[in-house]
Amino acid sequence: MNERLLPQTRDDPRTVVFFRPAIPLLLVLMGGIVLGVEISGFTIWAAVAALAATVHVVWCLYQRRACLVSPLLIIAALGYLSIQPWAAPVFPASHVIHYADTHRWKVVGCIEERPQRIKFRTRFILRLESLGDKQQTIPVCGRLRVTATGPLPVLAAGDRVSFTCRPRSFTNFNNPGGFDYKQYMAFKGIWASAYVRAEKLSLVDRHTTGQGLVRLINGVRAQMAALMDRAGRGQAAEVFKALIIGDRTGIEPATRDAFNRAGVGHLLAISGLHIGIVASVAFIFFHRLLVWIKPLLWRAWTRKAAAVLSLLPVLTYGLIAGMSPSTQRAVIMVLVFLMTYLFESRQDAINTLALAALAILVASPASLYSISFQLSFAAAFSIIYGLSRVQQPVQPSRKPAKMTWAPGMRRRLHLFFMVSFFAICGSLPLVMFYFNQVSLIGLAVNFVVVPAVGFIVIPMGLVGLFMLPLSTTLASGCVLVGARILSLVLDLVHFFADLPFAAVQTVTPSLLEIGCYYLLGWALLNLGRRPSGIGRWGVGFFGNPANQPAGDGALCTESSRQPVKDTAARMLLVNFPAVAVVLVLVVLAADSGYWMYQRFWHPDLRVTAIDVGNGSASLVELPGGYTILIDGGGFSDNTVFDMGARVIAPFLWRKKIRTVDELILSHPNSDHLNGLIYIAGHFHVKKVWTNGEGQDTKGYARFVEVVRMNNISHPAFAAVARKRRINGIEVDFLYPPQDFLVRKKSEKWRNTNNNSLVVRLSLGATSFLFPGDIMVAAEKELVGLAAGGLDSTVLMAPHHGSRSSSCRVFLDTVKPAVVIFSAGRKGRYQFPHPAVVKRYESRNCRIYYTAKNGAVRLTTDGHRLTIRPFGVK
């Protein structure tokens, strides 16, 4: 299938060369898809390029001339065009996107997949049928992500439901390097979301979608899920569903985090292990059965027929498992492997892996941006390529073999170790990039957990699955045994995950650093190795692409034993791994110098107003690397969305920040506080400053608990130094007065907002004022207390620009040249108020909105001020 012999040396068995045509096709297709996402909308030009390249290919075929670039251009153009329905969609008039962000509608639609229950919330995807109001009912299309709060009736895929809601389009927190949630949902084909209370949702019909095969598969999945619910308890049943039928909706975040900390998170995805077990058992079963059929045995067709028949259970299980990217990759690779029996040819694992990726991207181009797709193929490629570099061919021994199990066991343990090692190494930079966490015990834990899961739990679950149509009793018994073992495995996983050294948080590597990592890995694996094949596609990687003789000036395989005329070129290729190591080290040294300057050596003052929606958060970077985080944004309930974990922490990690010297909480409202909880618990925080005023909320109680558990210094408000100088920067706490808590009892206007801690930073002639959520009464008192020391170049608008703040006296005293409104685009309070905006405009202030401009970065050396907004939403 993927092999040829060099013409001069067909009698030499060592001259087998594998060809990997899928690799250049895959790389070009991926390039076209990426280009289509980054520079979308040029559909006509891409179509013209594809047409021109096609004409050129036809002309070359007619002229019998070689043609290489034009076919690749066609693939790239097709990749560009294939991603446009997601990157630059053209919606029909009936699409839900046209009705989002308007008013409340009565929604009718069908649930597409099993709803996901998260504590007191239920989330599901709804395929819309109609929207209605008092005047009309409109047929619509599109998919809606629905979050329902409260107790719901039992819902299943295919149920038709109805409720009233206001569909909303997705928006992003527009920060440097932030997660593009809008694009993420677009790649899933979902363009709007809705929230509804459980009592407002009604069930119209049961199981209205799915006919034939789809309904059969859903039925099998439902029966298997029911067996697992009866056999296991709590998370054991949910993890069992993930392992066997690919249903991960019931796995709680704590369980996912435990698996990730222990380094065995890959077990929660159905991959080659599962598909390989199904294929192996099916092949052995059919082969043993077919040897009894004499005509097949006489023609030596038993293996071929067994391979063909094995395709059915492999495909069936893939469909039952949900065909996730990792499952698709494993199914395609197994199918290609089985077909080698049919065509009696050897297969090249790397080319097969590339073919699997190519097939997935042709069917679903958006899969390229799927985390599971990237992790799955990175780990699989690393295993295949790494083993091919380190494994030595087994030499036949002339001594008679001894009946001993020790050498075989050692080889298996060594192979298992190397597979785990290369899988971890191959996925490491992607895990750091997406999850900012690395397990330090993953290699050891895999030795304990993977055999138990791979040799007991998964086989028992698969036996139960395929026994289900024959005997529910036998299937239940298999599932019960698997669930009991899995419960013990879960206890073991939690034990390892709870170790204090189990995992470490990491900063986010840049794309350059990720590229250097993989290049360095390739170079180290090839150091000291002579190239096994030199052709158009590179050294020992793609192989010789054509049956070309090794004539003068040609570079050929080592096994052809032909003299190479271009000695300089050959020496370069032979020594390229060493050259690559030196090149990578030089690049990494320069990269380290760049980040050391950005992180520690910069002489200027940098302030970033972070986009946290309806809230406030600002990062201050002082000369010398001293960092201060003023407020952290947040929603009222961190279980719904943790601003610290989802927005603030990734922003800090992208800037290579692991230590925050000071957290300053202006006041304990959730839109300023809740994002700080995660930072206090997961970063090295040295000190916390607050005004000492607490609040009876879960968020504030958790914040105090995290500060205490992590031994973070938290001085009392009375002990706060009102004026400090840190690395040349003046840091002043201007408000509230020290006795504000006593005066609060008699002065009712001193509420939580008006008691905000007000901070002023200054370097030279440039200053920044952070007034929290103070309103008019507090602003006037602050003007009197500051005694002329309130003027500031940059002002974070008080209380997000509400109508009850930014009074004229305050603005006349501060005299800001720049004002930043930190507020969301779709907040119920509609900040900032138009009258307040006009007040600033009348003073010729430069105005920035985090809702429109995203994060705003301000840099000053004390004289000049540079402002950089990070885009428009």
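Select G265 first, in the loop between α7 (253-262) and α8 (272-290); helices (H or I, at least four residues) and strands (E, at least two) are DSSP runs, numbered from the N terminus. G265 counts as partly exposed because its relative accessibility is 22%, where buried means under 20% relative accessible area, exposed over 50%, and partly exposed in between (1.4 Å probe, protein chains only). If neighbours within four places in sequence are left aside, G265 is in contact with F259 and N260, contact meaning heavy atoms within 4.5 Å. Now add G442 to the selection: G265 and G442 lie 177 residues apart in sequence, and 9.4 Å separates them in space, C-alpha to C-alpha.

Before moving on, keep in mind that this is a predicted model, in which local features need pLDDT of at least 70 and side-chain atom pairs count only at pLDDT 80 or more, while totals for chains, interfaces and linings use all residues. Residues are numbered from 1 along each chain as its sequence is written, and side-chain values use heavy atoms, with hydrogens and water left out.

**Colour by confidence**

Colour the chain by pLDDT, the predictor's confidence in each residue, from 0 to 100. The chain averages a pLDDT of 85, and 88% of the residues score at least 70. Residues 1-17 stay under 50, and the model has 52 contacts for them beyond four places in sequence; residues 533-565 also stay under 50, with 74 such contacts. Where pLDDT is low, the predicted coordinates should not be read in detail.

**Helix α1**

Select residues 22-38, which form helix α1. The expected span of a helix is 1.5 Å times one less than its number of residues, so the 17 residues of α1 should span 24 Å, and the end C-alpha atoms are indeed 24 Å apart. Show the side chains of its buried residues, which are A22, I23, P24, L26, V28, L29, G32, I33, G36 and V37. The elements that cover these buried residues include α3 (69-87), α4 (181-187) and α12 (349-363).

**The sheet from β20 to β29**

Next, display the open sheet of seven strands whose order is β20-β19-β18-β17-β16-β28-β29, with mixed pairing; two strands pair if DSSP finds at least two bridges between them. At its edges are β20 (684-689) and β29 (865-869), each of which pairs on one side only. From one strand to the next the twist averages 20°, with axes taken as lines fitted to C-alpha atoms, for helices over the stretch in contact, and angles running from 0 to 180 degrees between N-to-C directions.

Within this sheet, zoom in on β16 (residues 605-609) and β17 (residues 617-621), which pair in the antiparallel sense over four bridges; here A609 stands opposite S618 in β17. Then add helix α19 (residues 576-601), which packs on the sheet and touches β16, β17, β18 (627-632), β19 (659-664) and β28 (856-860), its direction making about 90° with that of β16.

**Salt bridges**

The structure holds 22 salt bridges, a salt bridge being a side-chain nitrogen of Lys or Arg within 4 Å of a carboxyl oxygen of Asp or Glu. Select D661 and K686, whose side chains meet in a salt bridge at 3.3 Å, N to O; the pair links distant parts of the chain, with D661 in strand β19 and K686 in strand β20, 25 residues apart. D661 counts as buried because its relative accessibility is 8%, whereas K686, at 44%, counts as partly exposed.

Move on to E693 and K744, which form a salt bridge with the closest N and O atoms 2.5 Å apart. This pair also links distant parts of the chain, since E693 is in the loop between β20 and α22 (698-709) and K744 is in the loop between α23 (740-743) and β23 (758-763), 51 residues apart. E693 is buried, with a relative accessible area of 5%, while K744 is partly exposed at 32%.Finally for this part, select D739, R743, E747, R750 and E781, which are linked in a network of salt bridges. Within the network, the side chains of D739 and R743 meet at 3.5 Å, N to O.

**The sheet from β21 to β27**

End the tour at an open sheet of seven strands in the order β21-β22-β23-β24-β25-β26-β27, with mixed pairing. Its edge strands are β21 (723-726) and β27 (846-849), each pairing on one side only. Strand β26 (residues 818-821) and β27 pair in the parallel sense over four bridges, and V819 has I847 in β27 as its bridge partner. Helix α24 (residues 776-786) lies across β22 (729-735) and β23, running at about 125° to β22.
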